Amino acid sequence: MNCSVIERCQRSAKRMAVVSRGLMLTVVAVPVAAAIWFAFDKAPFESLAQARFGPTTTLNDAFQLMIVGLTIAVQLGVLVVALLQLARAFDGFSEGEPLNPKAARNLRSAGWVFGVGTVLSVILQAPFSYAVTMANGPGERAIIVSLSSSHVVSVFAAAALIAISHIVAMAAEVREDHRQII
């Protein structure tokens with residue numbers, strides 16, 4: 001099977017689009033399954049919360065559960081949008097011409113959404129931690145905000161996606177200029 005580099009790139013891009021969509025499906029399916037599990041048995045989730053936030057932590061208040069669910073849903077929604085943009089970028093790379101402005105735009109959008117999602121995850125730690133501990137007594141409530149190395153790496157990865165998208169866009173312009181000359 002003798003194929004060109006462009007054909008191999010297109011096949012790889014198709015595979016990566018499928019992988020991105022599979023991750024997107026997983027990001028949606030796992031929390032839905034966890035929510036269904038939580039509806040029937042809260043004990044495992046409460047033990048996780050108690051291990052993290054203290055032995056008096058409970059997950060009983062409806063407002064508390066709404067805030068926790070909302071913060072999780074926002075973060076997962078941003079991740080789904082980022083994975084969708086990434087899948088669209090790979091779709092663009094797998095179409096006729098790998099270097100095209102549409103794929104570059106989708107890659108740039110994915111980078112921005114990943115970056116915003118990372119910053120948002122740091123910010124949403126405060127309402128999440130307060131919501132989980134709001135039923136605790138005075139002195140046992142917590143507001144947690146942390147910046148870990150995974151957040152820093154995520155921001156750098158998002159910046160790399162944005163930079164790569166600019167390079168792809170410039171390469172597409174150069175390729176179009178060469179076509180017009182020839």
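Student: In this predicted model, which residues is Val-168 in contact with, leaving aside its neighbours within four places in sequence?

Tutor: Beyond those neighbours, Val-168 is in contact with Phe-93, Leu-99, Asn-100 and Ala-104. Contact here requires heavy atoms within 4.5 Å.

Student: What makes Val-168 part of the largest nonpolar core?

Tutor: A nonpolar core joins buried residues of certain types, Val included, through side-chain atoms within 4.5 Å. Val-168 is listed among the buried residues of α6. In the largest core, which has 13 residues, Val-168 is one of those that touch the most other members, alongside Leu-86, Ala-89, Phe-90, Phe-93, Ala-104 and Leu-107. At least two residues of this core come from each of α1 (5–40), α3, α4 (101–123) and α6 (149–181). There is also a second, separate core of eight residues, including Ala-49, Leu-59, Val-68 and Val-132. In soluble globular proteins, nonpolar side chains tend to be buried together.

Student: Why are Phe-90 and Phe-93 called buried?

Tutor: The cut-off for buried is under 20% relative accessible area. Phe-90 has 18% relative accessibility, so Phe-90 counts as buried. Phe-93 has 15%, and therefore also counts as buried.

Student: How many aromatic pairs are there, and why is the pair of Phe-90 and Phe-93 given the name it has?

Tutor: The count comes to three aromatic pairs. Pairing needs ring centres within 6.5 Å, and planes over 60 degrees apart count as edge-to-face. For Phe-38 and Phe-45 the centres are 5.4 Å apart and the planes stand at 75 degrees, so that pair is edge-to-face. For Phe-90 and Phe-93 the centres are 6.5 Å apart and the planes stand at 65 degrees, so this pair is edge-to-face too. Both Phe-90 and Phe-93 lie in helix α3 (residues 62–94), three residues apart, or about one turn of the helix. Elsewhere, ring pairs link Trp-37, Phe-38 and Phe-45 into a cluster.

Student: Is Gly-92 buried or exposed, and how do you know?

Tutor: Gly-92, in helix α3, has a relative accessible area of 0%, so Gly-92 is buried. Not counting residues up to four places away in sequence, Gly-92 touches Glu-97, Asn-100 and Ala-103.

Student: What makes Ser-121 a buried residue, and where does its side chain find a polar partner?

Tutor: The relative accessible area of Ser-121 is 14%, so this residue of helix α4 is buried. A polar atom of the Ser-121 side chain lies 2.7 Å from the backbone oxygen of Thr-118, and the cut-off for a polar contact is 3.5 Å. Ser-121 also touches Gln-75 and His-151, not counting residues up to four places away in sequence.

Student: How do you know that the span of α6 is close to the one expected?

Tutor: With 33 residues, α6 reaches 48 Å from its first C-alpha to its last, against the 48 Å expected at 1.5 Å a residue. Its buried residues, among them His-151, Leu-161 and Ala-172, pack against α3, α4 and α5 (125–133).

Student: Why is the protein chain described as more spread out than a compact globule?

Tutor: The radius of gyration of the chain is 22 Å, whereas the globule rule gives 16 Å for 182 residues; the value is well over the rule, so the chain is more spread out than a compact globule. The C-alpha trace spans about 75 × 30 × 25 Å along its principal axes. The chain has six helices and zero strands, and 32% of its 182 residues count as buried.

Key. Residues are numbered from 1 along each chain as its sequence is written. This is a predicted model: local features need pLDDT of at least 70, side-chain atom pairs count only at pLDDT 80 or more; totals for chains, interfaces and linings use all residues. Side-chain values use heavy atoms; hydrogens and water are left out. Rings of Phe, Tyr and Trp (its six-membered ring) pair if their centres lie within 6.5 Å; planes under 30 degrees apart count as stacked, over 60 as edge-to-face and the rest as tilted. Helices (H or I, at least four residues) and strands (E, at least two) are DSSP runs, numbered from the N terminus. Buried means under 20% relative accessible area, exposed over 50%, partly exposed in between (1.4 Å probe, protein chains only). A polar contact is a pair of N or O atoms within 3.5 Å; within protein, one must be able to donate a hydrogen and the other to accept it, and residues adjacent in sequence count only if both atoms are side-chain atoms. The expected span of a helix is 1.5 Å times one less than its number of residues. The radius of gyration is taken over C-alpha atoms; the globule rule is 2.2 Å times the number of residues to the power 0.38.
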